[in-house]
Amino acid sequence: MSTVIPRQALAPEPAAPVAGIADDSAPRGAAPAPALPVVSGTPLIRLRGVTKLYGSGQAELMALKGIDLDVSAGEFVAIMGPSGSGKSTAMNILGCLDTPSAGQYLFHGAHVEALSRDQRARLRRRYLGFVFQGFNLLARTSAQENVELPLLYRGESAALRHAAAAKALQSVGLGGWEHHTPAELSGGQQQRVAIARAIVTEPAVLLADEPTGNLDTQRSQEIMELLRGLNTNHGITVLMVTHEPDMAAYAQRQVHFLDGLVHSDAPNPHPIPAAE
Ligand code: ADP
């Protein structure tokens with residue numbers, strides 16, 4: 001299945017407002033815009049000369065020193081590198097949570113670095129899903145309600161939220177666990193809830209930051225199988241930070257950061273095959 005991006009997001013330049021991303025005035029819960037398939041070969045994500053400077057004066061630190069990165073729709077990319085090499089900084093920029101100090105970030109041709117905070121938030125809500133090492137679930141809230149949350153922010157109706165969350169939980173193997181709170185679930189199950197929450201909005205891109213960092217080997221492999229299935233069966237582009245070579249082995253491509261730069265960027269010739 002190919003990833004589809006609503007027509008509004010395809011305008012190459014945001015100088016003229018890109019409806020749907022570039023203004024926040026569209027009614028919440030409005031019917032989705034007509035969708036176009038992503039043109040094969042067009043990078044969904046393009047970073048060009050991206051730098052990130054933290055602090056000033058003596059405390060100045062260049063966390064990214066000029067990153068170029070293209071990611072096509074449907075790729076599964078592992079981002080690796082030692083602590084402090086700039087992986088999280090790059091993910092924050094890719095996830096529209098932060099902006100580059102210089103350089104360009106194009107999301108399907110739209111210049112993200114030129115968008116306002118609200119416009120970036122809109123892009124994030126529509127196209128991006130996030131999975132974190134610590135799951136980041138609301139503690140005294142059921143799995144179902146945790147997964148419904150992004151749809152609540154979007155202003156979707158209770159009926160739609162309920163149906164979409166139940167479907168997302170089913171797709172991560174948690175059908176029947178809807179009413180359990182995080183404390184009643186194992187770590188692996190909690191991460192599944194977090195993944196369901198990330199995919200309930202049908203994002204084009206899933207950004208996963210050390211998604212298996214808190215899990216044992218068996219649970220980690222199950223989560224990786226799940227992420228790979230979302231990539232291959234649902235066409236979701238996956239960008240995953242990991243320091244574990246065993247987890248990066250699931251990705252089709254491995255990008256290594258070193259000292260604020262992309263040190264290497266190569267296809268993985270033998271990704272771990274799907275379990276029978
Ligand atoms: P990684 O994810 O590879 O461990 P980071 O992107 O977190 O690397 O950090 C890159 C560098 O930027 C590190 O030297 C880190 O200390 C610094 N850094 C990260 N975030 C901030 C911040 N908010 N303020 C100042 N320095 C930061």
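Here are a few worked exercises on a predicted model of a protein chain with a ligand.

**Exercise 1. Find out how far you can trust the coordinates, and where you should hold back.**

Step 1: start with the overall score. The protein chain averages a pLDDT of 87, and 84% of the residues score at least 70.

Step 2: look for weak stretches. Over residues 1-20 the pLDDT stays under 50, though the model still has 57 contacts beyond four places in sequence for them. Residues 22-39 are also below 50, and that stretch has 37 contacts in the model beyond near neighbours in sequence.

Step 3: decide what to do with those contacts. Where pLDDT is low, the predicted coordinates should not be read in detail.

**Exercise 2. Sketch the overall make-up of the protein chain.**

Step 1: count the elements. You get 7 helices and 12 strands.

Step 2: check burial. Of the 276 residues in the protein chain, 42% are buried.

Step 3: see how far apart in sequence the contacts reach. Take the contacts between residues at least 6 apart in sequence: 70% of them join residues at least 24 apart.

**Exercise 3. Work out which residues surround the ligand and which elements supply them.**

Step 1: list the shell. Around the ligand sit Y54, G55, L61, A63, G81, S83, G84, S85, G86, K87, S88 and T89.

Step 2: sort these residues by character. The shell splits into 3 nonpolar, 8 polar and 1 charged.

Step 3: assign them to elements. Both β4 (61-72) and α1 (87-94) supply at least two residues each, and α1 gives the most, with 3 residues.

**Exercise 4. Put the strands of the open sheet in order and say which ones stand at the edges.**

Step 1: read off the order. The sheet has 4 strands, arranged β4-β3-β6-β7, with antiparallel pairing.

Step 2: pick out the edges. β4 and β7 (110-111) each have a single partner strand, so one side of each is left without a neighbour in the sheet.

Step 3: zoom in on one pairing. Strand β3 (residues 43-54) joins β4 over 9 bridges, in the antiparallel sense. One example is I45, whose bridge partner in β4 is V71.

**Exercise 5. Decide whether V71 is buried or exposed, and name what V71 touches.**

Step 1: place the residue. V71 is found in strand β4.

Step 2: count neighbours. V71 has 20 C-beta neighbours inside 10 Å, and the cut-off for buried is 20 or more, so V71 counts as buried.

Step 3: list the contacts. Leaving out residues up to four places away in sequence, V71 touches P43, L44, I45, V77, T237 and L239.

Step 4: try a distance. V71 and L47 are 24 residues apart in sequence, and their C-alpha atoms are 8.9 Å apart in space.

**Exercise 6. Find the residues that touch the most other members of the largest nonpolar core.**

Step 1: take the 69 residues of that core; A196 and V238 touch the most other members.

Step 2: ask where the core residues come from. Helix α5 (residues 187-199) provides the largest share, 6 residues.

Step 3: follow V238 outward. Beyond four places in sequence, V238 touches F76, V77, L206, A208, L227, L230 and N231.

**Exercise 7. Describe the hairpin of β11 and β12.**

Step 1: check the pairing. Strands β11 (residues 253-258) and β12 (residues 261-267) run antiparallel and are joined by 6 bridges. Within this pairing, F257 has V262 in β12 as its bridge partner.

Step 2: look at the turn. There are 2 residues between the strands, and D259 takes a positive phi near 55°.

Methods:
Residues are numbered from 1 along each chain as its sequence is written. This is a predicted model: local features need pLDDT of at least 70, side-chain atom pairs count only at pLDDT 80 or more; totals for chains, interfaces and linings use all residues. A residue is buried if 20 or more other C-beta atoms lie within 10 Å of its own, exposed if 12 or fewer, and partly exposed in between; C-beta atoms are placed from the backbone. Two residues are in contact if their C-beta atoms, placed from the backbone, lie within 7 Å. A residue is near a molecule or strand if its C-beta atom, placed from the backbone, lies within 6 Å of it. Ala, Val, Leu, Ile, Met, Phe, Trp, Tyr, Cys and Pro count as nonpolar, Asp, Glu, Lys and Arg as charged, and the others, Gly among them, as polar. Two strands pair if DSSP finds at least two bridges between them. A nonpolar core is a set of buried Ala, Val, Leu, Ile, Met, Phe, Trp, Tyr and Cys residues joined through C-beta atoms within 7 Å. pLDDT is the predictor's confidence in each residue, from 0 to 100.
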